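Visitor: I'm new to this kind of thing. Could you show me how to read a structure, feature by feature?

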Amino acid sequence: MNIKSSEIKLKSICKDLTGGALGAVIALPQALAFGVAIGTGASSGLWGAIILCFTVGLLGCNQPLLSGPTGPAAIVCASALAVLGGNINSLFAVIFLAGLFQIIISRTSLTKIVKYIPYPVISGFMNAVGVILIILQLNPFLGTKSSSTPISAFESISYVLQNVNENALLTGILTLTIIFCTPKKISKIIPSQILALIISTIAAMAYNLDLPVVQGVTSNLPSVIRADFSNIKTLLVPALVIAIVCTSESLMTSLVTDSLTKTNGNTKRMVLSQGLGNLMCSLFGAIPGSGATMRSVAAVKAGGRTRFCALTCAVILLLVVLFAHDFANNIPLSALAAILFKVGWDIVDTKLLKVVKYAPKQDLIVMFIVFFLTVFYDLILGVSTGIVLSALIFAKQLADSTNVKFRDIEDEHSIEIEKKLQSEAGYKIRAVHIFGEFFFGSATQIISHFEEILGTKYLIICYESENVLDISAVFALEDIITRLKSQDITPHLVIKNSKILKQLDDLGICAQIGRENVFYSEDEAIENAKKLLKLENNNKHRGE
């Protein structure tokens with residue numbers, strides 16, 4: 001029994017080692033590329049992957065979640081660096097604060113909020129991130145200095161085209177060709193990205209090509225960085241954005257990992273470890289990151305099932321820094337740009353693009369607004385505008401689904417008595433049913449229907465929803481009651497939910513209607529209205 005248990009445990013460790021190694025192979029070129037793309041250097045990307053992966057593997061959930069620099073995290077960091085005027089020490093202060101924000105988020109229920117972000121917003125953001133990655137790599141792909149924003153990349157395009165480095169361009173094309181043309185049988189053994197990186201680097205070294213290469217990767221351990229917190233107000237917004245983006249991506253990666261491994265990870269603990277990891281990255285001059293979906297999925301498919309995958313990935317990357325830094329410093333920047341072309345394309349939401357002509361117009365409007373604002377203006381504005389627009393569209397849809405239905409309730413006895421009053425056929429009871437949500441978005445629409453009930457003597461208002469009313473709906477109901485009374489119509493209110501009834505009681509609505517005119521069922525209200533109408537008709541008949 002013990003022997004079998006040991007064999008199973010050994011097989012599990014071997015699979016975790018395989019998964020971690022595969023994750024490291026995928027992470028290596030991306031970490032280098034993201035460090036260069038942000039402007040902090042290739043070394044900062046590698047150390048970001050090492051520190052974050054090790055911290056999350058050590059302190060996070062027991063799942064094969066590989067962390068490190070990712071596309072969305074790199075884009076928000078590059079945007080933050082541009083806002084800070086290229087002050088790298090201020091950027092590390094932003095990353096430190098972002099880690100603190102993540103730690104705070106991990107102590108709240110906000111870790112569950114990612115599932116409420118509308119899909120068009122996520123799609124627009126991810127498409128924008130993919131396109132930005134591709135745009136920002138056009139310059140290094142052609143052998144010139146990279147731009148910090150898409151706008152500056154477009155502005156420099158004429159200069160870039162006039163100063164193309166042919167060696168860099170050919171190396172980039174070679175890298176892309178290997179990435180896209182490597183047979184699946186080979187890419188299962190060694191990922192096409194790492195194969196392309198090795199071949200293009202060896203080719204550039206063999207032919208002694210004159211082209212920009214990675215610089216600054218050393219075997220030295222990182223030293224503590226003195227972050228610049230001098231302008232704290234400027235740092236808070238970028239820090240919060242980085243925290244939200246990294247947390248959201250980590251939660252989505254965790255969701256995918258849980259689905260593949262049939263487990264249920266502790267999201268709060270996972271976000272806490274991500275925050276601590278990013279905080280540690282800021283202290284040692286490394287760029288931040290999040291849970292990396294592609295690396296984590298590759299680790300799971302290779303058999304990884306525990307946190308040992310993440311620890312293995314971190315150790316292998318550390319060995320590369322210590323013993324293969326000379327090779328890393330000869331990697332062509334155009335090769336890294338080609339790899340990020342592929343990463344950017346993988347980020348683009350091709351799933352939605354395939355069904356774009358069938359998608360609802362309002363979803364497409366939100367997606368394109370988020371996309372264009374994120375690419376050409378500002379990531380924060382793009383995402384926040386998308387969320388606000390989605391909320392407004394949802395409110396409108398909810399208001400449109402709320403409807404009012406009237407029905408007449410004839411009292412045969414009162415009609416027999418009141419044969420002389422046939423010209424006054426308005427002496428009848430009507431019931432109105434409010435279906436859907438009675439809230440600020442639907443209140444105005446509902447009020448407009450009550451202009452149609454002139455001549456009614458008793459109106460029974462039946463609220464069918466189980467949700468409490470917001471304050472604007474309460475005021476709308478109060479307005480309805482005032483209008484009815486001004487037209488000599490006696491309102492009866494039917495509320496079937498005790499919580500809503502208590503809410504209206506506390507706010508004085510029931511007292512305004514008259515507590516005797518508030519009922520739990522429509523039948524009771526109808527019977528009461530019939531009695532009142534009959535009594536009124538009898539009194540009028542006797543008066544004549």
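Guide: Let's go through helix packing, backbone angles and salt bridges in turn. One thing up front: this is a predicted model.

Visitor: Fine by me. How do people describe two helices that pack together?

Guide: Two packed helices are described by the angle between their axes and the distance between the axes. Take helix 3, residues 71-83, and helix 5, residues 119-136: their axes come within 10 Å and cross at roughly 70°. That makes helix 3 roughly perpendicular to helix 5. The crossing of this pair, helix 3 and helix 5, is left-handed.

Visitor: Which residues of helix 3 and helix 5 meet?

Guide: From helix 3 you have Gly71, Pro72 and Ile75, and they meet Phe125, Met126, Val129, Ile132, Leu133 and Leu136 of helix 5. Sorted by class, the contact of helix 3 with helix 5 has 8 nonpolar residues, 1 polar and no charged ones.

Visitor: At what angle do helix 3 and helix 12 cross?

Guide: Roughly 175°, with the axes of helix 3 and helix 12 (residues 232-261) coming within 9 Å. Angles over 145 degrees count as roughly antiparallel, so helix 3 is roughly antiparallel to helix 12. On the helix 3 side, Pro72, Ala73, Val76, Cys77 and Ala80 take part, and they meet Pro238, Val241, Ile242, Val245, Cys246 and Glu249 in helix 12. The class split for helix 3 with helix 12 is 10 nonpolar, no polar and 1 charged.

Visitor: And what about helix 2 and helix 13: how do their axes cross?

Guide: Helix 2 (residues 42-59) and helix 13 (residues 267-283) have axes that come within 8 Å and cross at roughly 145°. Their crossing is right-handed. Helix 2 brings Gly48, Ile51, Leu52, Thr55, Val56 and Leu59 to the contact, while the helix 13 residues include Arg269, Ser273, Gln274 and Leu276. By class, the contact of helix 2 with helix 13 has 7 nonpolar, 6 polar and 1 charged residues.

Visitor: Let's switch to the backbone. What should I know about phi?

Guide: Most residues other than glycine have a negative phi. Now look at asparagine 208: its phi is near 50°, a positive value in a residue other than glycine. You'll find asparagine 208 in the loop between helix 11 (192-206) and helix 12.

Visitor: Is asparagine 208 buried or exposed?

Guide: Its relative accessibility is 68%, so asparagine 208 counts as exposed. There's a positive phi at a glycine too: glycine 303, just after helix 14, sits at about 110°. Helix 14 itself, residues 293-301, has Arg295, Ser296, Val297, Ala298, Ala299 and Val300 as its buried residues.

Visitor: Last topic: how many salt bridges are there?

Guide: The count comes to 2 salt bridges. In one of them, lysine 502 and aspartate 506 meet through their side chains, at 3.0 Å from N to O. Both residues lie in helix 24 (residues 498-506), 4 residues apart, about one turn of the helix. Lysine 502 and aspartate 506 are both exposed.

Visitor: Which residue does arginine 515 form a salt bridge with?

Guide: Aspartate 505, and the closest N and O atoms of that pair are 3.7 Å apart. Arginine 515 lies in the loop between helix 25 (509-513) and strand 7 (518-519), and aspartate 505 in helix 24, so the pair ties together parts that are 10 residues apart in sequence.

Visitor: How accessible is arginine 515?

Guide: Arginine 515 has 40% relative accessibility, so it counts as partly exposed. Aspartate 505, at 37%, counts as partly exposed as well.

Terms used. Residues numbered from 1 in each chain as written. Predicted model: local features only at pLDDT ≥ 70, side-chain atom pairs only at ≥ 80, totals over all residues. Heavy atoms only, no water. Salt bridge = Lys/Arg side-chain N within 4 Å of Asp/Glu carboxyl O. Helix = DSSP H or I, 4+ residues; strand = E, 2+ residues; numbered from the N terminus. Buried < 20%, exposed > 50% of the residue type's maximum accessible area, 1.4 Å probe, protein only. Axes fitted to C-alpha atoms, helices over the stretch in contact; angles between N-to-C directions. Parallel < 35°, antiparallel > 145°, perpendicular 65-115°, else oblique. Left-handed = near helix turned anticlockwise from the far one by under 90°. Contact = heavy atoms within 4.5 Å. Nonpolar A, V, L, I, M, F, W, Y, C, P; charged D, E, K, R; others polar.
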